[in-house]
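Visitor: I'm new to this structure and would love a close look at one part of it. Could you set the scene and then walk me through that part slowly?

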Amino acid sequence: MKLITEKDIIRDVAKVWHKQYSKYIDSGEDINVANFDMSHQKPSKQIYEELLNLDPNAAAADIASIIGNDSWTKIFCDVCGEISECKTAVQFHVNYEDVVMCRKCIIKALNIILQSE
Ligand SMILES: [Zn+2]
């Protein structure tokens with residue numbers, strides 16, 4: 001079990017971006033040219049370089065302005081299936097997979113347990 005915070009996500013965003021778009025970053029061939037994904041408007045490699053040069057104390061809004069959308073700093077909850085507005089979540093390792101549970105779902109689960117005691 002591991003705590004995930006927005007700050008962790010911001011710290012790792014360049015690494016995660018590279019993992020997602022490595023084929024395009026390494027080849028220099030942009031994903032937009034291939035027309036597969038229009039979620040960002042700048043070349044993948046340029047975005048990667050801007051993310052690498054980010055200030056360590058950058059805010060989610062700084063990343064959204066580089067990428068062109070705010071989805072990269074949001075936490076996706078596997079339990080409620082929503083992109084959470086929560087700034088923290090917990091990641092569980094279940095059956096060889098990572099499962100993320102947002103703060104709202106954890107509190108809801110805790111209340112269910114506390115009300116049963
Ligand atoms: Zn949730």
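What percentage of the 117 residues in the protein chain is buried? And once that is clear, please take me to the place where helix α1 and helix α3 meet.

Guide: Happy to! One thing to know before we start is that this is a predicted model. As for your question, buried residues make up 20% of the 117 residues in the protein chain.

Let me give you the overall layout. The protein chain has five helices and five strands. If you follow the sequence from its start, the pattern reads β-α-α-α-α-β-β-β-β-α. The C-alpha atoms fill a box of roughly 60 × 30 × 20 Å, taken along the principal axes. Among contacts between residues at least 6 apart in sequence, 44% join residues at least 24 apart.

The domain assignment splits the protein chain into domain 1, residues 2-73, and domain 2, residues 76-116. Their centres, taken over C-alpha atoms, are 25 Å apart. Where the two domains touch, six residues of domain 1 are in contact with seven residues of domain 2. On the domain 1 side of that contact, strand β1 (residues 2-5) gives the most, with four residues. Sorted by class, that side has two nonpolar, two polar and two charged residues.

Now for the part you asked about. Helix α1 covers residues 6-27 and helix α3 covers residues 44-52. Their axes come within 9 Å of each other and cross at roughly 160°. An angle over 145 degrees counts as roughly antiparallel, and α1 and α3 are therefore roughly antiparallel to each other. The crossing of α1 past α3 is left-handed.

Which residues make this meeting? From α1 come V13, A14, W17, H18, Y21, Y24 and I25, and from α3 come S44, K45, I47, Y48, L51 and L52. Taken by class, this contact has ten nonpolar, two polar and one charged residues.

While you have α1 in view, look for V16. V16 sits in helix α1. V16 has 12 other C-beta atoms within 10 Å, and a residue counts as exposed at 12 or fewer, so V16 is exposed. V16 also gives a nice example of distant parts of the sequence in space: V16 and W72 are 56 residues apart in sequence, with 9.1 Å between their C-alpha atoms.

From α3, we can step across to another helix. I66 is in helix α4, residues 60-67. Leaving aside residues up to four places away in sequence, I66 touches I47, E50 and L51. You have already met two of those names, I47 and L51, on the α3 side of the contact with α1. Is I66 buried or exposed? There are 22 other C-beta atoms within 10 Å of I66, and 20 or more is the mark for buried, so I66 is buried.

I66 can also point us towards the other end of the chain. I66 and I107 are 41 residues apart in sequence and 33 Å apart in space, C-alpha to C-alpha.

Over there, find helix α5, residues 103-116, where C105 lies. C105 counts as buried, with 20 C-beta neighbours inside 10 Å. Not counting residues up to four places away in sequence, C105 touches C77, V79 and C80. For a link back to where our tour began, compare C105 with K7: these two are 98 residues apart along the chain, and 20 Å separate their C-alpha atoms.

One last stop is the loop between β4 (88-94) and β5 (97-102), where N95 lies. Y96 is found in the loop between β4 and β5 as well. N95 has a positive phi of about 50° although N95 is not a glycine. Y96, not a glycine either, has a positive phi of about 70°. N95 is exposed, with 5 other C-beta atoms within 10 Å. Y96 also counts as exposed, with 5 C-beta neighbours inside 10 Å.

To return to your close-up: α1 and α3 are roughly antiparallel, α1 passes α3 in a left-handed crossing, and the contact of α1 with α3 includes ten nonpolar residues. Try turning the model until you can look along α1, and then pick out W17, Y21 and Y24, which are among the α1 residues that meet α3.

Notes
Residues numbered from 1 in each chain as written. Predicted model: local features only at pLDDT ≥ 70, side-chain atom pairs only at ≥ 80, totals over all residues. Domains from an automatic or database assignment. Helix = DSSP H or I, 4+ residues; strand = E, 2+ residues; numbered from the N terminus. Nonpolar A, V, L, I, M, F, W, Y, C, P; charged D, E, K, R; others polar. Axes fitted to C-alpha atoms, helices over the stretch in contact; angles between N-to-C directions. Parallel < 35°, antiparallel > 145°, perpendicular 65-115°, else oblique. Left-handed = near helix turned anticlockwise from the far one by under 90°.
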